[in-house]
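Colleague: I have just opened this one and would like to go through it with you. Could you take me from the overall picture down to the details?

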Amino acid sequence: MKRNQVMKKKETRHPAKYTDKFIPIFAEMLKGRINVLDPFAGTCKISEIKKYGFEGKIFCNELEPEWAEIGLGKVDSINVGDAEFLPYRDGFFEAVCTSPTYGNRMADHHEAKDGSRRNTYRHAIGRPLSDENTGRMQWGNEYRDKHYRVWLEVHRVLADGGILILNVKNHIRKGEEVDVCGWHKETLLKIGFNLVEELDIEVTGLGFGANADKRVPSEKIYVFEKTGNLH
């Protein structure tokens with residue numbers, strides 16, 4: 001199978017879909033936009049904005065074919081590939097709406113043998129993730145370097161005046177809150193995006209696993225605008 005094609009549909013679990021309450025928020029923010037891209041699309045749940053009146057075209061990019069397959073028939077186009085190397089011309093999209101991985105324990109990729117309950121990307125897909133999948137990257141230099149390169153690519157394919165809607169969340173590591181949101185925000189500002197809006201939305205986290213009693217109780221939705229060239 002070619003990397004940019006999806007040949008068949010097969011159900012596979014994904015451990016980190018968009019929170020349902022975010023979908024109508026995205027739909028309102030994207031109103032009037034013609035082409036929208038989710039470069040970290042997972043199972044293409046972004047397609048549900050159509051239920052709330054979105055009338056443009058939805059493009060999805062997902063590295064793992066099993067997850068991309070679930071989006072067949074739900075969006076206008078699905079590309080199977082690395083978000084760092086998107087197959088679209090400069091300035092093609094009026095909007096990008098996405099949620100990166102958070103660099104938390106969901107990136108654990110050992111193969112558990114003890115039968116305990118786990119909710120990681122590795123266990124959900126049932127095999128090791130592709131090397132460039134951020135779902136296998138713990139918080140650290142590899143995670144940050146990869147996302148920096150992806151945000152440069154997003155800047156390239158986004159038109160001047162286009163918006164980037166970013167859903168992201170902090171996590172707890174060794175009892176301390178890791179400022180994942182702040183890093184993404186500052187990185188996008190340094191690249192050349194302008195921050196238009198910032199929402200803090202209460203969510204319910206997982207009730208099991210490490211730090212289950214110390215979940216960060218909210219997620220961020222940032223809206224950035226591309227106003228010109230890279231800084």
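Modeller: Certainly. Of the 231 residues in the protein, 54% are buried. Please keep in mind that this is a predicted model.

Colleague: Which secondary structure elements does the protein have, and in what order do they run?

Modeller: The protein has five helices and nine strands. Starting at the N terminus, the order is α-β-β-α-β-β-α-α-β-β-β-α-β-β.

Colleague: What share of the contacts links residues 24 or more positions apart?

Modeller: Counting contacts with a separation of 6 or more, 72% are between residues at least 24 positions apart.

Colleague: And how much surface does the protein expose?

Modeller: About 11200 Å² is exposed, and 47% of that area is supplied by carbon and sulfur atoms.

Colleague: Let us turn to H4. How many residues does H4 have, and what is its reach?

Modeller: H4 covers residues 141–157. It has 17 residues, and the distance from its first C-alpha to its last is 25 Å, close to the 24 Å expected at 1.5 Å a residue.

Colleague: Which residues of H4 are buried?

Modeller: The buried residues are Tyr143, Lys146, His147, Val150, Trp151, Glu153, Val154, His155 and Val157.

Colleague: What covers them?

Modeller: The cover includes strands S1 (35–38), S4, S5 (158–168), S8 (193–202) and S9 (218–226), together with helix H5 (180–191).

Colleague: Take His147 in that helix. Is His147 buried or exposed, and what is it in contact with?

Modeller: His147 has a relative accessible area of 0%, so it counts as buried. Apart from neighbours within four places in sequence, His147 is in contact with Phe40, Pro100, Thr101, Thr134, Trp183 and His184.

Colleague: Arg144 is also in that stretch. Where does Arg144 lie relative to Trp139?

Modeller: Arg144 lies over the face of Trp139, at 4.8 Å from the ring centre.

Colleague: On to the aromatic residues, then. How many aromatic pairs does the whole structure hold?

Modeller: A search of the whole structure gives twelve aromatic pairs. One of them joins Phe59 and Phe93, whose ring centres are 5.3 Å apart; the planes are at 80 degrees, so this pair is edge-to-face.

Colleague: Which parts of the chain does that pair tie together?

Modeller: Phe59 belongs to strand S2 (residues 57–62) and Phe93 to strand S4 (residues 93–98), so the pair ties together parts that are 34 residues apart in sequence. Phe59 is buried, at 11% relative accessible area. Phe93 is buried as well, with a value of 0%.

Colleague: Which residues form a cluster with these two?

Modeller: Phe59 and Phe93 form one aromatic cluster with Tyr88 and Phe92.

Colleague: What about Tyr222 and Phe224: how are their rings arranged?

Modeller: Their ring centres are 5.8 Å apart and the planes are at 50 degrees, so the pair is tilted. Tyr222 is buried at 2% relative accessibility, and Phe224 is buried at 0%.

Colleague: A last topic, the cysteines. How many disulfides are there?

Modeller: The search of the whole structure finds zero disulfides.

Colleague: Why is Cys97 not in a disulfide?

Modeller: The nearest cysteine sulfur to that of Cys97 belongs to Cys60 and is 9.9 Å away, whereas a disulfide requires the two sulfur atoms to be within 2.5 Å.

Colleague: Are Cys97 and Cys181 buried or exposed?

Modeller: Cys97 is buried, with a relative accessibility of 0%. Cys181 is likewise buried, at 4%.

How values were computed. Residues numbered from 1 in each chain as written. Predicted model: local features only at pLDDT ≥ 70, side-chain atom pairs only at ≥ 80, totals over all residues. Heavy atoms only, no water. Helix = DSSP H or I, 4+ residues; strand = E, 2+ residues; numbered from the N terminus. Buried < 20%, exposed > 50% of the residue type's maximum accessible area, 1.4 Å probe, protein only. Contact = heavy atoms within 4.5 Å. Phe/Tyr/Trp six-rings, centres within 6.5 Å; stacked < 30°, edge-to-face > 60°. Lys NZ or Arg CZ within 6 Å of the ring centre and 35° of its normal. Areas by Shrake-Rupley, 256 points an atom, 1.4 Å probe, with all protein chains shown as cover. Expected span 1.5 Å × (residues − 1).
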